[in-house]
Amino acid sequence: MESCSSLSSSLSLKHSSLTTLITPINNNWRSRKIKSRVLQVSAFSYQKFIHFALNETKRQTVLVPSPLQENFSPMTAMDGRTELKLLSFQSPKIRLLRSLSVENEAMQVLDFAVFARPEFDVPIFCANFFTTASMNIIVLDLNPLHNVIVQSDYKEKYYKSLLPLGLKYAELFPWGGKLTSESLQFFSPIVIWTKFTSTQYRHDTLYSAFVDYYKAWLKLIEHAPEDKDASQIICNQEAQHKYLTWRAEKDPGHGILKRLIGESLAKDVVRNFLFNGINELGSKGFLDYFPEYCCEDGNINKKRSIIGKSFENRPWDAKGEFLGNNIKIY
């Protein structure tokens, strides 16, 4: 027993000594590794994207600060380190151009969108980018104001000429995986939905895609005729309101805002800044547009999908035809 006890003590002592020697080395290595990853993220910024969009827009139209800018200014998160920058503008054809960027040592987020006034039925420019040291989650699209799956005339009007652009980047950015069937009505055949690990090449390519898509959107709004038909203007307004209502309720980025600035302020930013227009463009609620999400108690079902189906692969072909009814749904 004594021999066994001595052996046990000896092994414990050796293990303790070994741990003492190795721990500083491991900690230093881990520190260098984390620092390297942090530098990789912090060295990249989406401010370049925002500056391009603003400068390019100003070349085409008179862009002035939105009244929202007075109520939503840059802020620091509760952690004291994360910076949130909010910008908003408008023009004769643009109801709202707004940008939210979030930056800290480990994360970069961009939520950038441009909404036309209801007199114009052009798509909604949408860029939602989330970047960490290990992963990028990307959505870039000209979100259709009207459902292109069922309204072929709208798809023909705005997306036929843009299909080569979409195909170019579909090859560079593979489909990012499952996308719920409910959300498809808010995406176009040229949507970039992808995930990738961070490299300089990938970020440079993403910037090129952002530039090309934004220039394409600016061209659409520049040549868009103003609707004079009151019924069509109302239709456009309701379509935009439906989009805003869906995004305000189901956008997956809301959780990040809640953790950064608290639930109350996050809700204010979401409803009155990011998806401003919910209170101004219409009076319908989420369940008026999407009654299938109504729970037995009358509340909104928090699930992303009620149908429970999602698309593992791109559901449009090279001609922009929807393949949803012919491909495997998960």
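A crossing is left-handed if the near helix is turned anticlockwise from the far one by less than a right angle, and right-handed if clockwise. Keep that in mind for the exercises below.

The structure is a predicted model, in which local features need pLDDT of at least 70, side-chain atom pairs count only at pLDDT 80 or more, and totals for chains, interfaces and linings use all residues. Residues are numbered from 1 along each chain as its sequence is written, and side-chain values use heavy atoms, with hydrogens and water left out.

**Exercise 1. The chain as a whole**

Task: Describe the secondary structure, burial, contacts and surface of the protein chain.

Solution:
- Step 1. Helices (H or I, at least four residues) and strands (E, at least two) are DSSP runs, numbered from the N terminus. The protein chain has ten helices and ten strands.
- Step 2. Buried means under 20% relative accessible area, exposed over 50%, and partly exposed in between (1.4 Å probe, protein chains only). Of the 330 residues in the protein chain, 47% are buried.
- Step 3. Contact means heavy atoms within 4.5 Å. Among contacts with a separation of 6 or more in the protein chain, 65% join residues 24 or more positions apart.
- Step 4. Accessible areas come from the Shrake-Rupley method with a 1.4 Å probe; for residues, only the protein chains shown count as cover. The protein chain has an accessible surface of about 17200 Å², and carbon and sulfur atoms hold 54% of this.

**Exercise 2. Helices α8 and α9**

Task: Work out how α8 and α9 pack, and which residues meet.

Solution:
- Step 1. Two packed helices are described by the angle between their axes and the distance between the axes. Here axes are lines fitted to C-alpha atoms, for helices over the stretch in contact, and angles run from 0 to 180 degrees between N-to-C directions.
- Step 2. For α8 (residues 254–261) and α9 (residues 263–274), the angle is about 135 degrees and the axes are 7 Å apart. That makes α8 oblique to α9. The cut-offs are under 35 degrees for roughly parallel, over 145 for roughly antiparallel, 65 to 115 for roughly perpendicular, and the rest for oblique.
- Step 3. The hand of the α8 and α9 crossing is right-handed.
- Step 4. From α8 come His 254, Leu 257, Lys 258 and Ile 261, which meet Glu 263, Leu 265, Ala 266, Val 269, Val 270 and Leu 274 of α9. Sorted by class, the contact of α8 with α9 has seven nonpolar, one polar and two charged residues. Ala, Val, Leu, Ile, Met, Phe, Trp, Tyr, Cys and Pro count as nonpolar, Asp, Glu, Lys and Arg as charged, and the others, Gly among them, as polar.

**Exercise 3. Two partners of α6**

Task: Describe how α5 and α2 each pack with α6.

Solution:
- Step 1. Helix α5 (residues 163–172) packs with α6 (residues 200–223) at about 165 degrees, with their axes 11 Å apart. The two are therefore roughly antiparallel.
- Step 2. The crossing of α5 with α6 is left-handed. Its contact residues divide into seven nonpolar, three polar and three charged.
- Step 3. The axes of α2 (residues 47–60) and α6 come within 11 Å and cross at roughly 25 degrees. So α2 and α6 are roughly parallel.
- Step 4. The crossing of α2 with α6 is right-handed. Among the residues making this contact are Phe 49 and Phe 52 of α2, with Tyr 207 and Phe 210 of α6. The whole contact of α2 with α6 holds ten nonpolar, three polar and four charged residues.

**Exercise 4. Four single residues**

Task: Place Gly 253, Ser 88, Tyr 154 and Ser 181 in the fold.

Solution:
- Step 1. Gly 253 lies in the loop between α7 (230–250) and α8. Its relative accessibility is 26%, so Gly 253 is partly exposed. Its C-alpha is 9.4 Å from that of Val 109, 144 residues away along the chain.
- Step 2. Ser 88 belongs to strand β3 (residues 83–90). Ser 88 is buried because its relative accessibility is 0%. Beyond its neighbours within four places in sequence, Ser 88 contacts residues including Pro 65, Leu 97 and Phe 273.
- Step 3. Tyr 154 sits in helix α4 (residues 152–159). With a relative accessible area of 4%, Tyr 154 is buried. Leaving out residues up to four places away in sequence, Tyr 154 touches Val 122, Pro 144 and His 146, among others.
- Step 4. Ser 181 is in the loop between β8 (179–180) and β9 (192–196). Ser 181 and Ile 307 are 126 residues apart in sequence, yet 7.4 Å apart from C-alpha to C-alpha.
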